[in-house]
Amino acid sequence: RRVHGIPNGKSRSPEMMRLEEDIDEQSRIIQRIKVEYLRLEKEHSEQVDLQEADFGRELERLRKKDLRSKQEIYSQLDSLEVQKESELEEERWKIREAEIRDEYADKIRQKEMIIQNLQREIEEAEEERRRIQADRLAAKEAALHTERQAGVPFLGLELVDGVGPGVRVAKVRGPSKQAGIKEGDFVLNIQASKNIKNAKQINDIISNARPGEHVAFLVERGGVEHETVLTIPRF
């Protein structure tokens with residue numbers, strides 16, 4: 001037995017299927033990047049809050065310690081040496097405060113760089129997805145153009161020769177399904193062309209039909225003949 005398919009204007013070529021798979025893959029990549037971006041952004045925000053709280057507590061602790069130290073020193077000794085020590089302590093406090101601020105700023109910059117990199121990755125992935133979608137559209141337009149040039153209308157029939165009277169309908173969709181043709185029907189004649197024996201005869205007849213033309217089918221279903229009219233689709 002030989003299986004014949006009438007060209008399908010909605011069928012997908014391997015290239016189009018590959019482009020669709022690429023789009024799905026890019027969508028999954030973008031989703032993973034966005035999830036990671038949101039996680040890092042949340043983590044960054046939480047760490048910033050914690051670091052700000054730690055920074056504030058550390059500053060307060062150092063201030064209190066410095067104040068207690070000064071009070072103890074001034075209460076015990078009133079001398080130049082004590083004043084110098086206090087000045088040194090004040091200087092150490094300023095240095096430590098600057099170090100804490102620098103450490104905090106470095107951590108913030110690192111998180112910002114990570115977020116910026118993720119944003120660039122998202123933009124690149126979005127650009128790649130747009131490119132794939134454009135390629136897919138171009139492929140569809142090219143396939144439609146080729147189909148139009150060939151002049152073969154799409155009926156949505158898949159036929160099998162040599163399994164009964166006429167030609168057996170293996171699959172049906174699109175215009176043929178709308179016309180009432182069903183899977184398992186046997187096409188006996190088209191446009192009063194009798195003795196239809198193979199799918200090539202059907203292809204030859206409908207290939208010469210014009211868009212919008214009505215084509216009469218005679219089919220056998222369960223031993224009973226049925227007539228139906230199918231309209232050749234316009235592209």
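**Figure 1. Glu126 is a buried residue of helix 2.** Glu126 is buried, because its relative accessible area is 17%. Buried means under 20% relative accessible area, exposed means over 50%, and partly exposed lies in between (1.4 Å probe, protein chains only). The residue belongs to helix 2, which spans residues 80-150. Helices (H or I, at least four residues) and strands (E, at least two) are DSSP runs, numbered from the N terminus. The side chain of Glu126 makes a polar contact of 2.9 Å with the side chain of Arg129. A polar contact is a pair of N or O atoms within 3.5 Å; within protein, one must be able to donate a hydrogen and the other to accept it, and residues adjacent in sequence count only if both atoms are side-chain atoms. Not counting residues up to four places away in sequence, Glu126 touches Ile30 and Lys34. Contact means heavy atoms within 4.5 Å.

The model is predicted: local features need pLDDT of at least 70, side-chain atom pairs count only at pLDDT 80 or more, and totals for chains, interfaces and linings use all residues. Residues are numbered from 1 along each chain as its sequence is written, and side-chain values use heavy atoms, with hydrogens and water left out.

**Figure 2. The protein has four helices and six strands.** From the N terminus on, the order is β-α-α-β-β-α-β-α-β-β. Of the 235 residues, 30% count as buried. The accessible surface comes to about 15,600 Å², and carbon and sulfur atoms hold 49% of it. Accessible areas come from the Shrake-Rupley method with a 1.4 Å probe; for residues, only the protein chains shown count as cover. Among contacts with a separation of 6 or more, 59% join residues 24 or more positions apart.

**Figure 3. Glu15 and Arg18 form a salt bridge in helix 1.** Their side chains meet at 2.6 Å, N to O. A salt bridge is a side-chain nitrogen of Lys or Arg within 4 Å of a carboxyl oxygen of Asp or Glu. Both residues lie in helix 1 (residues 14-76), three residues apart, about one turn of the helix. Glu15 counts as partly exposed at 39% relative accessibility. Arg18 is partly exposed too, at 39%. A search of the whole structure finds 22 salt bridges.

**Figure 4. Helix 2 carries the salt bridges Glu89-Arg92 and Glu127-Arg130.** The closest N and O atoms of Glu89 and Arg92 are 2.5 Å apart. About one helical turn separates Glu89 and Arg92, because they are three residues apart in helix 2. An α-helix has 3.6 residues a turn, so residues three or four places apart point the same way. Glu89 is partly exposed at 26%, and Arg92 is partly exposed at 41%. The side chains of Glu127 and Arg130 meet at 2.8 Å, N to O. These two are also three residues apart in helix 2. Glu127 is partly exposed, with a relative accessible area of 46%. Arg130 counts as partly exposed at 46%. Elsewhere, salt bridges that share partners join Glu36, Arg39, Glu43 and Lys111 into one network.

**Figure 5. Ser176 is buried in helix 3.** Helix 3 covers residues 174-178. Ser176 counts as buried because its relative accessibility is 0%. Leaving aside neighbours within four places in sequence, Ser176 is in contact with Leu155, Gly156, Leu157, Ile181 and Leu230.

**Figure 6. Helix 4 keeps its buried residues on the same side.** In helix 4 (residues 199-207), Ala199, Ile202, Asn203 and Ile206 are buried. They cover an arc of only 100 degrees around the axis, so they fall on the same side of helix 4. The arc is that of the directions from the helix axis to the C-beta atoms. Asn198 caps the N-terminal end of helix 4, with a side-chain oxygen 3.2 Å from the backbone nitrogen of Lys200.

**Figure 7. Strand 5 pairs with strand 4 and strand 6.** Two strands pair if DSSP finds at least two bridges between them. Strand 4 (residues 186-190) and strand 5 (residues 214-221) are antiparallel over four bridges. Here Asn189 has Leu218 of strand 5 as its bridge partner. Eight bridges join strand 5 to strand 6, again antiparallel. Among these partners, Arg221 is bridged to Val224 in strand 6. The two strands form a hairpin with two residues between them, and Gly222 in the turn has a positive phi of about 60 degrees.

**Figure 8. Val229 is exposed on strand 6.** Strand 6 spans residues 224-231. Val229 counts as exposed because its relative accessibility is 52%. Not counting residues up to four places away in sequence, Val229 touches Ala179, His214, Val215 and Ala216. Val229 and Ala179 are 50 residues apart in sequence and 6.4 Å apart in space, C-alpha to C-alpha.
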